[in-house]
Amino acid sequence: MVAKPLAETPIPIARPSRAEAEAAVRTLLRWAGDDPAREGLLDTPARVVRSYEEFFAGYAVDPVALLERTFAETEGYDEIVLLKDIRLESYCEHHMVPIIGRAHVAYLPSNRVVGISKLARVVNAYAKRLQIQEKLTAQIANTIEAVLQPRGVGVVIESEHQCMTTRGVHQHGASMVTSRMLGVFRDDANTRRELMALIGRS
Ligand SMILES: [Zn+2]
């Protein structure tokens, strides 16, 4: 048995009904200055609520369960496993607008490996929630560390925050980079350099 990671985002309790959520969208449409009763907007509240089911699908996914099936037949493979350029679509918890970017997820196996697509699923499970990038980066790394117990975990995320590009300071093209290094990636500068070179950030 492995230890469960701490600090899971709690699933909100007492969810409103779909009708209540659609009514809230009509309120926001009026707040924007438009008329929710005009033809073009009639189905918008239902569409927005369905979109929210996709945008925030991560609340219904248990990232720990995604990593629990592992493989031990690795012929002694003990080098870095890296999944690069995972498309990242998340949502800023301060403005509820998209954070779009790429995630790179690496680990150094101790003796077990996981199906590579599962790393992308873990990224998605945490990304499809309201987030800040720092917390997202840490949650992905901490979960892989806790469940796989590898010799090291490295997560690097580069993204553009639409709350910066389309409002506020309007910094188009500015990207935010965060990383979390655990185990050998934290303790050993050579291993960390090797990872950064593989990612293409030396
Ligand atoms: Zn924001």
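Two strands count as paired if DSSP finds at least two bridges between them. Strands (E, at least two residues) and helices (H or I, at least four) are DSSP runs, numbered from the N terminus. The model is predicted, so that local features need pLDDT of at least 70 and side-chain atom pairs count only at pLDDT 80 or more, while totals for chains, interfaces and linings use all residues. Residues are numbered from 1 along each chain as its sequence is written, and side-chain values use heavy atoms, with hydrogens and water left out.

A good place to begin is the sheet. Its five strands form an open sheet in the order S5-S2-S3-S6-S7, with mixed pairing. S5 (130–131) and S7 (176–183) are the edge strands; each has a single partner, so one side of each lacks a neighbour in the sheet.

Turning to the strand pairs, S3 runs antiparallel to S6, joined by ten bridges, and Arg102 faces Glu158 in S6. S3 is also antiparallel to S2, through nine bridges; here Ile86 lies opposite Ala103 in S3. The hairpin of S2 and S3 has five residues between its strands, and Met96 adopts a positive phi near 60 degrees there. Because eight of its eleven residues are buried (under 20% relative accessible area, with a 1.4 Å probe and protein chains only), S3 is largely enclosed by the rest of the structure. S2 (residues 81–92) and S5 run parallel and share two bridges, with Leu130 in S5 as the bridge partner of Tyr91.

Terms used:
Buried < 20%, exposed > 50% of the residue type's maximum accessible area, 1.4 Å probe, protein only.
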